[in-house]
Amino acid sequence: MKTNFKGLTATQVEESRKRYGSNRLSEAKRETFWDKLKGNLEDPIIRILILALFANVIFAATGHGDWIETLGIALAVTLATMISTWSEHSNESAFQKTQADASKIMCKVIRDGKVKEIVIDDLVKGDLVILQSGDKIPADGKLISGDLRVDQASLNGESEEAKKNMLVNGETTNFKDTFNKYSLFRGTVVTSGESVMEVVEVGDTSLYGQMAAELSVDDVESPLKVKLGDLAGLISKIGYTAGILIALAVLFQRVFIYNNFDSALIADYFSNFATFGGDLLQAVIIGVIIIVVAVPEGLPLMIAMVLSMNMKKMLKSNVLVRKLIGIETSGNLNILFSDKTGTITKGMLEVVTLMSGDSKEFASYDKLPQGLKKIVHTSVVNNTNAIISKTDDGGVQVLGGNATEKAVLGFINPNDNFSDNVQVLASIPFSSARKFSATKIDGDITTTLIKGAPEKIFPNCTHYYDADGKKQPFTMFKEIDAVMDEMAGRSIRMLVLATTDEEVTEDSLPSEYTLVGVLGIRDDVRPEAVEAIKDVQSAGVQVVMITGDRKETAVAIAKESNILTSVDDVVLTSQELNELSDEEVKELLPNLKVVSRSLPTDKSRLVRLAQELELVVGMTGDGVNDGPALKRADVGFAMGSGTEVAKEAGDIVILDDNFQSIAQAILYGRTIYRSIQKFITFQLTLNVAALATNFLAPLIGLTQPLTITQMLWVNLVMDSLGALAFGSEPALRRYMQERPKQRTESIVTKDMAVAVVVSGLSLTGIGIWMLQSDFAASLFDTPETLYTGYFAFFILFAVVNGFHARTTRLNILENITKNPAFIKIMCLIVVVQITMTIIGGDILRTTVLSLREWTIVVSLALLALPIGFLRKLIFVEKEGVLATEHGLKETTGESV
């Protein structure tokens, strides 16, 4: 693409920025810490607890209640709510900021007579922006060159593409009218054409900026979030039931057991309103606290917390998560349709040969004869959507265009002046559907330049350009076709350059061409992609390569990258695919590995058919036409070098276009799923123990094994601190050897249920033995130290069991250094627990323990280790099943 505009100078840019502001949009109002805290305090359970606290204050004020316990409850509720709100708010804010920073759009602008790439926020009024197919328009403006077709559905709901033209001299228009044919608006997408736009409104003054406050994105419930919500609902029902039963059990103890079932004493008890009312209030508060402890309010928030903690790790692996549902679902993919160029191959395309019409090959541009060199240079420089711009140091840079365009431009010498007197009259940009681009030129040469796929152009070539640039009859079709077949077998793709004197439209090609030459383009397979494909296949994911290359080239690359490994593997061309019915394609789909000469519609069809087979489908894409397939897929992987259309449609952006990064996204998806499972195991263990202990205690004559304030501390350990501890678990390569999870599969596995029941009941059993056994009581100096010891044991047992919860293997320290947050938080819990026993006093019902008593408490807590080991030996969890099935060596738990 050529441009003769000068654009703004550096001084004019600064003046415009001072006068009209930059293109940065004011941030949408986010939920503040205090808003989130207010929301948490509006939770029905917290409101009931606060109401009960006020009642307790009234009883304490009248001399029938305990001020210290009331103060303790108030402090515990405040602390738990504040910490929970802070962790939720800080992690969400970090995630949003990181995502926003990584999603900045780059724009091509003309300044000081040169084309530069700048961040969208740096645009100013008066800037000249180059727009091409697939670009998202970065500001409001008007065309000063070229014409476009634009998708404006995001602004005015207009379903059809809008054609945009330049204003003719003397015409006027209302540039704010989204339906007029002259205005361009921020946020809309260029679907075809090339042009230069002058920016007329920036930032908040643009139409998009004015509408931003009213724009909202639908929060789609992901499968994992639904699963966690269902699990939380089930646990909540159990918690509510348990809270009511425990409240009744406490009341039963106070009314009947304490009065020895004596009817006279019971009657006197009921007649004393202060005593009965106080006990009733205590029973209600205990019931409510049990509900607070049992209801996993942190469970639905675990996804955002784990994801935000892993966001920076994923960015280091070049994975940008745009939609939470994407990373959750990526761990459960069954089939992945992947592009080739830049994803499986390096994307560093290089023209390695040019074959002329007389079958001569030239390894470099410099070796071309002068006459042929002129027509090659003219064809390459003028028939492209990339922009050649000079740098400040006098060099040349190529902006815009895809990898193929850049490779072709890299073949010629851009400083040659063969095209100085050539004027572009009209152009048809390349698209994957048309498979050609065309540019009509006038000047030194008057013709239409054609560049496209060999099967589109080569069969209709009747002449060729000789060494002197003269047209000659083309007679070597078979010889050149044979060489092209041989090149395809060496993974070299071909592109034909030609000219025609006939009329060319978007829908029809001429019947005769003059061959300029056949370009041979080499794109080597990424070594790391070969290994990544093995990893993804070992994870139970079928990899299907979709490419626009001819069949022979596609097969050669698929074999080199280990996609084609069996005689049963199926390779189809787009034509062969479209000749098959849907049912026939479904039958072939399990063995399908390559689709060559593909069209955009092939991708959408394959996604639809795979989903009809109940498969979880991933799709990669980078072009405008890939949008529908990316949206339809369960997980859309957009390429970082791709169009803004593709990025908008995708769930995940692969910033380096590398297949290895796609494998990393799958791994992180599985890691997040596993981290949540570990947290659930840890949390439910404490849930079971707290509920069982508090339910059994009144029935066997125990008075409050755990006080209300102590239970609130347990709740804090379970929810906020537990989520933080398990949120940074490392991504282990062995997760890639596990089968994908089914859509309907419960997040709580059989092994998790066994771990929860065994550990939870062990904690309950040992705790009740401590409080009921005369032998255990004799190990402590006083009843106060016994109950303090039990409280410390309950927490320390949970800490020790946390090491078992984070791994299914016997080595509980496996990869422990990869999650330093786990060690720090568990140490923090232990230090705070010890401190609380020393300074807690009446508020926490604790007292100082002797060294001998601490030894007993720690020894009992450490029983969690042998219990966990014994459980793992008896109930062995199967790992590496898929690795064995695929004949691969099972990997270790090495993290990435």
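Visitor: Let's start with E486: is it buried, partly exposed or exposed?

Guide: This is a predicted model, so we're reading computed values. For E486 the relative accessible area is 40%. Partly exposed runs between the 20% and 50% cut-offs, so E486 is partly exposed.

Visitor: Which side chain does E486 meet in a salt bridge?

Guide: For a salt bridge, you look for a Lys or Arg side-chain nitrogen within 4 Å of an Asp or Glu carboxyl oxygen. E486 meets R490 that way, with 2.6 Å from N to O. R490 is partly exposed too, at 43% relative accessibility.

Visitor: How many salt bridges does the structure hold?

Guide: There are 30. Take R526 and E528, whose closest N and O atoms are 3.4 Å apart. R526 is buried at 11% relative accessibility, while E528, at 26%, counts as partly exposed.

Visitor: And R809 with E814: what is the N to O distance there?

Guide: That one is 3.6 Å. Here the acid, E814, is buried, with a relative accessible area of 12%, and R809 is partly exposed at 23%. Salt bridges can also share partners: D582, E583, K586, R605, R608 and E612 are joined into one network like that.

Visitor: On to helices. Which residues of α31 are buried?

Guide: Helix α31 covers residues 864-874, and its buried residues are A864, G868, R871 and K872. Looking down the axis of α31, you'll find them within an arc of 95°, so they line one face of the helix.

Visitor: What covers the buried residues of α31?

Guide: The cover includes α25 (750-772), α27 (783-805) and α30 (851-861). Now turn to the other side of α31: L870, L873 and I874 are exposed there.

Visitor: What about rings? Where does a lysine lie over the face of Y20?

Guide: To call a charge over a ring, you check both its distance from the ring centre and its angle to the ring normal. K125 lies over the face of Y20, 4.3 Å from the ring centre. You can also look at Y365: the charged end of K373 sits over that ring, 5.1 Å from the centre.

Visitor: And how many aromatic pairs does the structure hold?

Guide: It holds 17. If you'd like a cluster to pull up on screen, try F458, Y464, F474 and F477, which form one together.

Note on methods:
Residues are numbered from 1 along each chain as its sequence is written. This is a predicted model: local features need pLDDT of at least 70, side-chain atom pairs count only at pLDDT 80 or more; totals for chains, interfaces and linings use all residues. Side-chain values use heavy atoms; hydrogens and water are left out. Rings of Phe, Tyr and Trp (its six-membered ring) pair if their centres lie within 6.5 Å; planes under 30 degrees apart count as stacked, over 60 as edge-to-face and the rest as tilted. A charge sits over a ring if NZ of Lys or CZ of Arg is within 6 Å of the ring centre and within 35 degrees of the ring normal. Buried means under 20% relative accessible area, exposed over 50%, partly exposed in between (1.4 Å probe, protein chains only). Helices (H or I, at least four residues) and strands (E, at least two) are DSSP runs, numbered from the N terminus. The arc is that of the directions from the helix axis to the C-beta atoms. Contact means heavy atoms within 4.5 Å.
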